[in-house]
Each structure stands twice: as C-alpha cells, then as structure tokens.
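Biologist: Please take a close look at one strand residue of this model and the surroundings it sits in, and then set it beside the other local features that deserve attention.

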Amino acid sequence: MEASFGPTFSAVAPGAKAEGSSSYKQHRRTPSSSSTLNYSPRDDDDGMPPITPRRSDSAISIRSLHSESNMSLRSTFSLHEEEEDTEPQVFAEQPSVKLCCQLCCNVFKDPVITTCGHTFCRRCALTSDKCPVDAAKLTVVVNNIAVAEQIGELFIHCKYGCRAAASTAGGAAASPSIVAGKPGAYEVDPLGCPFTIKLSTRKEHEASCDYRPVRCPNNPSCPPLLTMNLEAHLKECEHIKCPHSKYGCTFIGNQDTYETHLEVCKFEGLKEFLQQTDDRFHEMQLTLAQKDQDIAFLRSMLGKLSEKLDQLEKNLELKFDVLDENQSKLSEDLMEFRRDASMLNDELSHINARLNMGILGSYDPQQIFKCKGTFVGHQGPVWCLCVYSTGDLLFSGSSDKTIKVWDTCTTYKCQKTLEGHDGIVLALCIQGNRLYSGSADCTIIVWDIQTLQKVNTIRAHDNPVCTLVSSHNMLFSGSLKAIKVWDIVVTELKLKKELTGLNHWVRALVASQNHLYSGSYQTIKIWDIRSLECVHVLQTSGGSVYSIAVTNHHIVCGTYENLIHVWDIESKEQVRTLTGHVGTVYALAVISTPDQTKVFSASYDRSLRVWSMDNMICTQTLLRHQGSVTALAVSRGRLFSGAVDSTVKVWTC
C-alpha cells in the first residue's frame, strides 16, 4: 500500500532503518547544476542515516497535479483559498489522484467519509451542500483513517527549503515545483533546507531544522540567523549582556570581555542571595496567582448566590402577588356573604314582624317561589322579557343584539334567534300576532309571531327606544324626553302624536284600562289614552323612575335609589315606601289572584323580592342570579327573570 502512494527510491544506505519501523525518514536532495547552494554534509556521527539523493526538479505541486490529471473537477472551485494555512506544501513527487479532494482540488486535509460513500476534506464536507459526484446531501459519517495514513506517508520539502514563487511572464509555463495559478505559491529554494520529509513528521523536523530562522538572544537588532549559524554568531556577538542585567548591571560586550567582566561584577558575589530572592519572589507570585484564582472562584460563587437570591426574591414576589390576589378575592367573597347575610337578616326581621302581627296565612309553603330552571343562550346581558301566552312563548332581548324565542311549555328550548337590530335590544311588546322590539339603534322592528320573521322596520326616535307598551290598537314608545304614539295598521306604524313635557329619559310605560303611566325623573305622569292628555302627575323621590306596576288598588314604582313607592290608585295618595333593596329597582311585575296580590321587584343587587300588597311587607327574597336582575315577566302563575349574567330563570310556587 505504501509503495503505491509514497515516493520510491533507487537505493537506501545500509545504515537506514526499514520503512515499516521508522517513524519518519529525512532525504537530502541533490542541488541541480545551476544551483549555488552552499551546503556542507553532516558528519556520519550526528545520528542522521545516509541519504539517497533526489532530483529537485521532481517536486510536484498539487495544483500542477490537478492541471495534468483528467479528473472531471471544477477548476475554478477553491473552498479553502481564504481559510487554509499559509505554510508551504511542495510535494517531492506527484501524489496519487486518489488522494485529492474533488471539492477543493487539493490533497485531503483531515479526510472524512460522507453518507454518499465518498471522501472529502472535513472542512469541504461541512461547508458544501451537495456531493459533486452524485449531488447527494453531504453529512460527515466517520474519519477516513486509511487515507489519512497514506497522506501522512507522502514526502514534501521542508518549509525552510521553499520560497515564494516568482510570477511567470509572457504566459510561460510554470515550473512543476511551483504551486501554479495561486497567489503566494511556493517553489523549492536551492539555498534552503535540502531535506524531504514525510508529511506526518514535518513538525518534528521543522522544529529542529538547521535552516530555521532565529534571532540573536542577545540583541534583536542583530541580523537574522539560521539555527546552524547561531553558535558561531554567539562567539562573535558584541551584544552579550551580563547575566545579572536584570538586577541593574549595564555590561554589554563580546565573549572575551564577558568572562573578564564576571570576575569583577559586583553582582556575581551576590548571585546566591539574588537567586534566593528570585525564588522567593517567584513563590510569592505563585501564591498571588493562587489567591487571584481563589478570589475569582469566590466571585463566581458570589455571582451564583446573587442570581439564586434574585430568583428567590422573584419567586417570593410572585407568591406575594398570588397571596394578595387570593386575599382580595376572599375579601370580595366575604363582602358578598355579608351582603347576603344582611338580606337574610332583613328577611327574618320581616318574618318576625309578620309573626308578631299574627298574619301566618301568607307563609303557606305552597306560596314559596322556587327556581325551576334556567334558559341559557344569550351572549350578553338580558334587558327585556315578554310573554306570548297563546303559544306559551317567551321572548328575551339582549346586548348581543338578538331576540331569542323560548318554548315554555314542552321542549323548554330556544325555538329561534331573531336578528335584525344593530344595537342592544331594550324593549319588547306584543299586540295581537305581532311582536314589537325597540333598540339602542333608535328603531322599532315589527315581527310576525306565527312565522317569526321580520316584517317592518321603523326609524322611531333620535335616541334609543327604552320602553314599549300597547293598548287600544296603539303602540307607545319611550325615549329621551319623549313618548311617541303609533297607530297600528297591520304591519305598519303610523305616528299619531308625540307626548312632550317630560323632564328626562322615559324608561317605564304601563297601560292599564284607560290610562297610560309613564315614569321619568322623580315623576310619574298619568295620561288618558283616549284623549292622549296628561290628567295627573305623581311626584316621587329617589331619582329616576326605572319601573312601574299597576294593581287593582295601587300604583307601584321602582327608583334609581333602591326605593319602591306605593300610591293608592283612586286617591293618588302615597301610602307606603318599601325598602329592602340595596340597588336600583329595574323591573316590577304583578301576579293577582282572588285571594291576594303579589308584586315582584328585580334589582341591581342581584335579588328578586316578593311583596304582599295586603300588608306591604316582603314575604320572600330570591337569590339565584349571578348579576343584576333587569327584567321580569309573568304568565300563568310563573315568573320569568332576566339578568346581566345572560340567563333567564323560571320561578314557580
């Protein structure tokens, strides 16, 4: 194997070791006839085996090898032009083509086998995408040790026997010893080291090569020297310094004066003391270096401890934040619990008062309202409810701009979702087979209940339509400081009159018998439906009127400031103010039986209250909603409540 890739020699002196056992061999090349090399052979006792002369013109560069071979390589590809080392590499003989990388066109450097099965330089394989042979993706698999060993057996010229090649002029062919076509190429220097050595042992030879340039140790200003001339130069050097110059001796001379100076040098007698001082100083430097290492280690540990401390502080802050959040939540839950407890205490007080009055019949368990179910489906707060008794349908309007139709008799599911408004649905009203809806988009939409289809849209007000009520084939709509009266003509609404003289938003309208009741700021106006004139005004307290209910004997209104006022319907005198809610009373509803009349109130405080109009006391508080209760409707003894929690609940005895 070695004979195929290494140089062959015509003869080897008997004193030479066999190739298989030698770590490396040096061969002295014979200068050409035109060479002016001044070279003195070494003595036979210097340990160097006899050398077989080689012709210097046999040295072949890898570039000339590439130009002479017929390999189908990319001639312009030069992967390592900027990255490879600048040491000259001039081969003594032409290497085998098999030892050349097909990517960089140079002899392999750190050869590796890739997944495609080919061998390339490691750097070439790592910096190239595809194999030039089969275009496969290049991935390094393993080092090619066999090829690396073969390359290590190739002979090259010592780098101290090479020089930068002179550029060829006139297109003349370059010498085969020159790395052709490459800036900074090298050729054999006939005045340099004459040895050729194995590539694997070049470092060992070049470290001890007699042609290695060195500087005079006495004075860098001395001209450059070769290693083999250093000893002779030192005998003649005029810049020899006293060995005690580091202590202050200023002597500089040649070898003869140097020996004479040592006899009279004042530092020579103190050299033992000075040496001990140096040793002591060196020990102190070592100790100081060790202390510096210890300090660096301690600083590193301190840095790590500081990082851990910072992390612990962050974790502690995070835990404190979680604790504060939990504490805040617990505080809110506690406040809610106390509010509920206060309401229960009020309820107990009412019960005790009722017991003390001897009125026990109202507390028949049959009359206690319980939540029987919940309608879920809206994506926003529910603001209005309306019941179509004929078909047992419940309509609910929401902030999600839709109206949902619920079956309250058989399936208890949403039958359909009516869409058409561009704003919150605030009011619902039924007249015959028509459903009327008022919205924050200032319109009223007419719906056919039989088909659940929109049949008309009317631009009713300049402001949101807050409330709707129908009576005597007329529709009444309330908005900011205005009530409009519409004649119902099939699916059309014809504006009949606008009622004015109102001081604020009209949020409550109720039609009973021949009268219309409207609520605004601390005022309830009573209108004659036939003449559409105001016939009476009731003054209230507690802010704006949000809800009105009319029983056979009383007019009831709920206000912004948590109060419920009660007037006698005949005398129009206020007979009672009902307290208990701790939030705005948004809605009122009435259930009348031959035995008694109950008024239901819905409030911002998330509760519903049941009031007996016989003795004007609260007989029950209903707490099931998770948000403010905003709307009420009654049908066949059942109570429906809509709330900000987007649900509608059903209550029955």
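**A strand residue and its surroundings**

Modeller: Leu 426 is partly exposed, its relative accessible area being 22%, a value that falls between the under 20% that counts as buried and the over 50% that counts as exposed. This is a predicted model, and what follows should be read as such. Leu 426 belongs to strand E18, which covers residues 425–431. When neighbours within four places in sequence are left aside, the contacts of Leu 426 are Trp 383, Cys 384, Gly 438, Ser 439, Ala 440, Pro 464, Val 465 and Cys 466. Val 382 is separated from Leu 426 by 44 residues in sequence, while their C-alpha atoms are 8.7 Å apart in space.

Turning from this residue to the aromatic side chains, the structure contains four aromatic pairs. One of them joins Phe 375 and Trp 406, whose rings are stacked with 4.9 Å from centre to centre and 25° between the planes. Because Phe 375 is part of strand E13 (residues 370–376) and Trp 406 is part of strand E16 (residues 402–407), this pair ties together parts that lie 31 residues apart in sequence. Both Phe 375 and Trp 406 are buried. Elsewhere, one aromatic cluster is formed by Tyr 546, Tyr 560 and Tyr 586.

A further region worth following is strand E30, residues 564–568, which is mostly covered, with four of its five residues buried. E30 pairs with strand E29 (residues 554–559) in the antiparallel sense over five bridges, and with strand E31 (residues 574–578), again in the antiparallel sense, over four bridges. Trp 567 in E30 is the bridge partner of Ile 555, and Trp 567 also stands opposite Gln 574 in E31. The hairpin of E29 and E30 has four residues between the strands, and in its turn Asn 562 has a positive phi of about 75°. In the hairpin that E30 makes with E31, five residues lie between the strands, and Lys 572 takes a positive phi near 60°.

At the surface, finally, Phe 297, Leu 298 and Met 301 make a nonpolar patch of about 320 Å². Leu 298 is placed in helix H8, residues 271–357, and is exposed, with a relative accessible area of 56%, whereas Leu 426 is partly exposed at 22%.

Definitions and conventions: Residues are numbered from 1 along each chain as its sequence is written. This is a predicted model: local features need pLDDT of at least 70, side-chain atom pairs count only at pLDDT 80 or more; totals for chains, interfaces and linings use all residues. Side-chain values use heavy atoms; hydrogens and water are left out. Rings of Phe, Tyr and Trp (its six-membered ring) pair if their centres lie within 6.5 Å; planes under 30 degrees apart count as stacked, over 60 as edge-to-face and the rest as tilted. Helices (H or I, at least four residues) and strands (E, at least two) are DSSP runs, numbered from the N terminus. Buried means under 20% relative accessible area, exposed over 50%, partly exposed in between (1.4 Å probe, protein chains only). Patches are made of residues with over 30% relative accessible area and no salt bridge: like charges are joined within 9 Å, nonpolar side chains (Val, Leu, Ile, Met, Phe, Trp, Tyr) within 5 Å. Accessible areas come from the Shrake-Rupley method with a 1.4 Å probe; for residues, only the protein chains shown count as cover. A salt bridge is a side-chain nitrogen of Lys or Arg within 4 Å of a carboxyl oxygen of Asp or Glu. Contact means heavy atoms within 4.5 Å. Two strands pair if DSSP finds at least two bridges between them.
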